[in-house]
Amino acid sequence: RVQGNVYLIVTGTGSNIVAQVGDQGAMLVDASVPEVSDKVLAQIRRLTKGPIRGIVDTSMDLDHIGGNAVISAAGRAYGVRNIDNTTPGADVVAHENMTLRLSKAGQTTCVASETYLGKEKKLNFVNGEGVVITHPESAHTDGDSMVYFRGSDVVVAGDLLDMTKYPVIDLARGGSIQGTVDALNWILDVTVVEHMMEGGTLVVPGHGRMTDAADVAYYRDMVTIMRDRVREMTSRGMTLEKIKALRLTRDYDGRFGKNPSWTPDMFVEAIFKSLTPKT
């Protein structure tokens with residue numbers, strides 16, 4: 001249990017999954033990978049006897065959405081039936097940019113059944129609390145979502161916040177370093193601390209341990225410092241290879257630079273290309 005109606009399911013092989021539960025059943029954030037779907041469903045059944053009502057996708061990465069089909073099929077949508085009188089599975093909600101990119105890539109099995117456009121979608125009250133989805137314009141990608149459970153006071157940040165590595169800036173799918181900084185600042189804007197920056201609003205990252213405002217502030221500061229360091233070197237006319245050779249991330253590598261899937265050099269290169277105007 002995180003707090004309030006919100007629970008964290010750690011899969012170990014994919015993204016973190018959040019389950020908000022109550023009399024209406026379960027509302028999920030992310031679905032991890034299909035290999036763990038049966039175990040995830042077993043955990044949800046331990047939390048509630050009600051159906052899975054919906055899934056909100058924070059990211060178009062397969063380790064967040066790979067389990068959509070199986071988990072959605074195990075749930076059911078609110079008060080509707082198909083033409084053949086069967087009950088449709090749980091709704092899958094995502095930003096329109098995510099669905100467009102997945103469709104163009106031929107990954108139609110992961111496409112959401114309901115999309116939203118713009119910066120915000122309110123799911124209204126689910127299990128007795130307001131649920132608000134917020135879209136950062138261009139952060140990890142241009143199709144990310146963050147979910148705020150207002151009654152439980154929990155923010156689900158997706159891969160905008162990753163306790164296992166530096167934030168991934170996916171330039172090919174619309175990501176940017178400035179958008180990532182802006183999204184982390186938004187999280188800090190909505191969090192309310194309990195005492196001396198600790199406790200209060202809790203924030204679930206895409207991967208890794210639970211966090212609060214103090215952890216997010218540290219992560220935001222790190223990302224901002226890295227942006228500024230690379231921008232300063234770029235303004236001096238330095239090439240990408242020379243900037244990499246400076247090891248600008250070295251004072252943070254012990255904490256965030258040990259994940260081989262996203263190395264410090266990859267992070268620096270993404271910042272450099274995000275800051276360099278396309279010609």
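A residue is called partly exposed when its relative accessible area lies between the buried class, under 20%, and the exposed class, over 50%. With that scale in mind, the tour opens on a predicted model, in which a search of the whole structure finds 14 salt bridges.

**First stop: helix H9**

Select helix H9, residues 264-275, and display the side chains of Lys-273 and Glu-269, which lie four residues apart in this helix, about one turn. The two side chains form a salt bridge with an N to O distance of 2.8 Å. Lys-273 has a relative accessibility of 43% and therefore counts as partly exposed. Glu-269, at 24%, is likewise partly exposed. Now add Glu-241 and Lys-244 to the selection: salt bridges that share partners join these two residues with Glu-269 and Lys-273 into one network.

**Second stop: helices H8 and H6**

Select Asp-251 and Arg-229 next; their side chains meet in a salt bridge at 3.0 Å, N to O. Asp-251 belongs to helix H8 (residues 250-256) and Arg-229 to helix H6 (residues 213-235), so this contact ties together parts 22 residues apart in sequence. Asp-251 is partly exposed at 48% relative accessibility, and Arg-229 is partly exposed at 27%.

**Third stop: helix H4 and a loop**

Move to Arg-101 and Asp-142, whose side chains form a salt bridge of 2.9 Å, N to O. This pair links distant parts of the chain, 41 residues apart: Arg-101 is in helix H4 (residues 96-104), while Asp-142 is in the loop between strand S8 (129-134) and strand S9 (146-149). Are the two partners buried or partly exposed? Arg-101 has a relative accessible area of 30% and is partly exposed. Asp-142, by contrast, counts as buried because its relative accessibility is 14%, which falls under the 20% limit.

**Fourth stop: the sheet**

Strands S8 and S9 lead into an open sheet of six strands, ordered S7-S8-S9-S10-S11-S12 with mixed pairing. Colour strand S7 (120-126) and strand S12 (211-212) to mark the edges, as each pairs on one side only. Within the sheet, centre the view on S9 and strand S10 (residues 154-162), which run antiparallel and are joined by three bridges. Val-147 stands opposite Val-156 in S10.

Finally, show helix H5 (residues 177-190), which packs on the sheet. Helix H5 touches S8, S9, S10 and strand S11 (202-207), and its direction makes about 160° with that of S10.

Technical notes
Residues are numbered from 1 along each chain as its sequence is written. This is a predicted model: local features need pLDDT of at least 70, side-chain atom pairs count only at pLDDT 80 or more; totals for chains, interfaces and linings use all residues. Side-chain values use heavy atoms; hydrogens and water are left out. A salt bridge is a side-chain nitrogen of Lys or Arg within 4 Å of a carboxyl oxygen of Asp or Glu. Helices (H or I, at least four residues) and strands (E, at least two) are DSSP runs, numbered from the N terminus. Buried means under 20% relative accessible area, exposed over 50%, partly exposed in between (1.4 Å probe, protein chains only). Two strands pair if DSSP finds at least two bridges between them. Contact means heavy atoms within 4.5 Å. Axes are lines fitted to C-alpha atoms, for helices over the stretch in contact, and angles run from 0 to 180 degrees between N-to-C directions.
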